[in-house]
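Biologist: I want to see how labels follow from values. Shall we go through this model together?
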Amino acid sequence: MAVTTNVPSPTWTDAGFIIPSAETVLAGVLEDINSAFGGNLNIDLTTPQGQLASSETAVIDEVNQTFLKYTQQVDPAYASGRMQDGIARIYFIERNPSQPTVVQAVCTGLEGVVIPEGALALASDGNQYICTEAGTIPVSGNITLTFECLVPGPIPCPADTLNQIYQSIPGWDSINNPSDGVLGNNVESRQAFEARRAASVALNSIGSLPSVKGAVLTVSNVIDAYVTENDTNSPVTIGGVTLSPNSLYVAVVGGDASAVARAIWSKKAPGCAYNGNTSVQVQDTSTGYVPPYPTYTVQFEIPDPLPILFAVNITNSSLVPADAATQIQNAIISAFAGGDGGPRAKIGVTLYASRFYAPVAALGAWAQIISIEVGSTNSPAASFTGSISGSTLTVSAVASGTLAVGQTITDTTGNLVIGTRITALGTGSGGTGTYIVSNSQTVGSESMKSVVASLFDIPVNINQVPTISANNIIVTLS
């Protein structure tokens, strides 16, 4: 006996798998029930037959929706979870596990002392950090090396907190991070994994920028990478950096330096020059060569941290919790690392304040945002020479701009306590003179900048990686 139904079926079209709406399915189910009982039934949804039709419709629609989801999962643009992992395996890549926070730390000691790869340091929060590149302390008495947290994930490492040597090495006297660490990642998100899969398509080629970037991004624990070139015979400035003629530029955060260098060398075009502050020797051990192997010097950039300041202003009300500032700081820090599913703050991007509205608003109805503004030393309020004794800042010269109450003071040496702000005027009124600052400390005369979060977007140069600290997120209630 043939079975007929008034419920519309899903269809296959050139646009893909199309399912009927729940409304049309319900109408078809009601017609089927009415016909089965001879017609003239009351099909109001509050009746028993109406409730039965609603339940049957829900079952049919759930099956349709489930099948629709899995037909969409074969498209890399929509795939997620296990289906996305399966597509990626076609390209011989796997989802990155959580990645550690990366810190540039200054190691001080005797000239000639070797700090080996694997040396350990301890942060003030109890987390251990491991050195990812060996280095020899030069005549200056200090060297900057890369350390990674042993616990993966976006663990903050504010400036001046990686300050203990965990594993004693004779002649290595001290360690400190003058700038915030670059936050690690949780398990690679759907969006980040798809972007890396797309980049990996170029991995099999040689000489193109996408192939170099694709190779670098496959190096374990690389958090971020930026690749560009100067294909002219003259120096060219790109993203705030002057590149040598006919040269390749690669900026990388995280990963073993030797592995990064080998990845670059394996994909770069023959004969091109390099740029960068880090040099690594790479040997060509290809079949046909015997020791001593041909050796090449590969240069790349380990970008300087760029602390980002936030000024968040929300409406004051009885609904605002006592820990509102902490909640907002944590939400921004998480979003900064891409923890909310959005893009993380990266090398060479323009960072928009509007990117952080959604994660703050998601905290609850109490988070009524008046404004979120950002700032950095790329757009300083003032550049000056100053020293600090106790809570008094003495400004001896001003190169540009005007100092004011509320500005945050920064330096490049790491001597300043992070989050130090001008709280009151002394003898100074914007220029030379004295100012009262929020943190008591002793800092010798040096170059400083004052910054205020008053912008809606910030350009990040290609030799900078944006960093964040709770101390640089100021929350006010209005």
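Modeller: Start with R355 in this predicted model. R355 has a relative accessible area of 19%.

Biologist: Why is R355 called buried?

Modeller: Buried means under 20%. R355 comes to 19%, so the label is buried.

Biologist: What makes D340 partly exposed?

Modeller: D340 has a relative accessible area of 39%. The partly exposed class runs between the 20% and 50% cut-offs, so D340 belongs there.

Biologist: How do you know that D340 and R355 form a salt bridge?

Modeller: Their side chains meet at 2.8 Å, N to O. The rule asks for an Arg nitrogen within 4 Å of an Asp oxygen, so the pair qualifies.

Biologist: What makes this pair a link between distant parts of the chain?

Modeller: D340 sits in the loop between α7 and β20, R355 in the loop between β20 and α8. They are 15 residues apart.

Biologist: How many salt bridges does the rule give?

Modeller: The count is two. D85 and R95 also pair, with closest N and O atoms 2.9 Å apart. That is within 4 Å, so this pair is a salt bridge.

Biologist: Why does the D85 pair tie parts together?

Modeller: D85 lies in helix α3 and R95 in the loop between α3 and β3, so the tied parts are 10 residues apart in sequence.

Biologist: Now the strands. How do you know that β5 and β6 pair?

Modeller: At least two bridges are needed. β5 and β6 have three, so they pair, in the antiparallel sense. L120 stands opposite I130 in β6.

Biologist: What makes β9 and β10 edge strands?

Modeller: Each pairs on one side only. The open sheet runs β9-β5-β6-β8-β3-β10.

Conventions: Residues numbered from 1 in each chain as written. Predicted model: local features only at pLDDT ≥ 70, side-chain atom pairs only at ≥ 80, totals over all residues. Heavy atoms only, no water. Helix = DSSP H or I, 4+ residues; strand = E, 2+ residues; numbered from the N terminus. Buried < 20%, exposed > 50% of the residue type's maximum accessible area, 1.4 Å probe, protein only.
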